[in-house]
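The following exchange examines one molecular structure by way of questions and answers.

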Amino acid sequence: MNVHLALFANLSQYQPDGQGGRSSRVLALANGSTVGSVVALLGLPDDPRIIFVNGRHAEEDRVLDEGDRLAIFPPVAGG
């Protein structure tokens, strides 16, 4: 199955094509893959992160489906 992946801020350096940037990429995954399996596949650091699937907050145990849009952000603070 194919999932559209976008990584933001310092996480963009882990794009699967190694090109950086926050543009989404299509990622081919096995059926039944979870957000956590994508995190492991990309080698993302074990730091806090904010995850959205199709624009809704998701946890790492969320099973992905064909065509899902997965976005991962580091925590952001400001005022």
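The turns below take up the sheet, the core, the aromatic rings and one loop residue.

Reader: On what basis are the residues numbered, and what kind of model is this?

Author: Residues are numbered from 1 along each chain as its sequence is written, and side-chain values use heavy atoms, with hydrogens and water left out. Local features need pLDDT of at least 70, side-chain atom pairs count only at pLDDT 80 or more, and totals for chains, interfaces and linings use all residues, since this is a predicted model.

Reader: In what order do the 5 strands stand in the open sheet?

Author: Strands (E, at least two residues) and helices (H or I, at least four residues) are DSSP runs, numbered from the N terminus. Two strands pair if DSSP finds at least two bridges between them. The pairing in this open sheet is mixed, and the order of its 5 strands is 2-1-5-3-4.

Reader: Which strands stand at the edges of the sheet?

Author: An edge strand here has a single partner strand, so one side of it is left without a neighbour in the sheet. This applies to strand 2 (25-28) and strand 4 (56-57).

Reader: Which residue of strand 5 stands opposite Leu5?

Author: Strand 1 (residues 2-7) runs antiparallel to strand 2, with 4 bridges joining them. Strand 1 is also joined to strand 5 (residues 69-73) by 4 bridges, and these two run parallel. In strand 5, the residue opposite Leu5 is Leu70.

Reader: What is the bridge partner of Phe52 in strand 5?

Author: Strand 3 (residues 50-53) pairs with strand 5 over 4 bridges in the antiparallel sense. Within strand 5, Phe52 has as its bridge partner Ala71.

Reader: Which element gives the largest share of the largest nonpolar core?

Author: A nonpolar core is a set of buried Ala, Val, Leu, Ile, Met, Phe, Trp, Tyr and Cys residues joined through side-chain atoms within 4.5 Å; buried means under 20% relative accessible area, exposed over 50% and partly exposed in between (1.4 Å probe, protein chains only). The largest such core holds 18 residues, and among those that touch the most other members are Leu5, Val35, Leu70 and Ile72. Strand 1, helix 1 (35-42), strand 3 and strand 5 each give two or more residues to this core. The largest share, 4 residues, comes from helix 1.

Reader: How is the pair of Phe8 and Phe73 described?

Author: Rings of Phe, Tyr and Trp (its six-membered ring) pair if their centres lie within 6.5 Å; planes under 30 degrees apart count as stacked, over 60 as edge-to-face and the rest as tilted. Phe8, in the loop between strand 1 and strand 2, lies 65 residues from Phe73 in strand 5. With 4.3 Å centre to centre and 5° between the planes, this pair is stacked.

Reader: Why is the pair of Phe52 and Phe73 edge-to-face?

Author: Phe52 is partly exposed at 28% relative accessible area, and Phe73 is partly exposed at 26%. Ring pairs link both residues and Phe8 into a cluster. The ring centres of Phe52 and Phe73 are 5.9 Å apart and their planes stand at 90°, so the pair is edge-to-face.

Reader: Is Asp61 buried or exposed?

Author: Asp61 is located in the loop between strand 4 and strand 5. With a relative accessible area of 63%, Asp61 is exposed.
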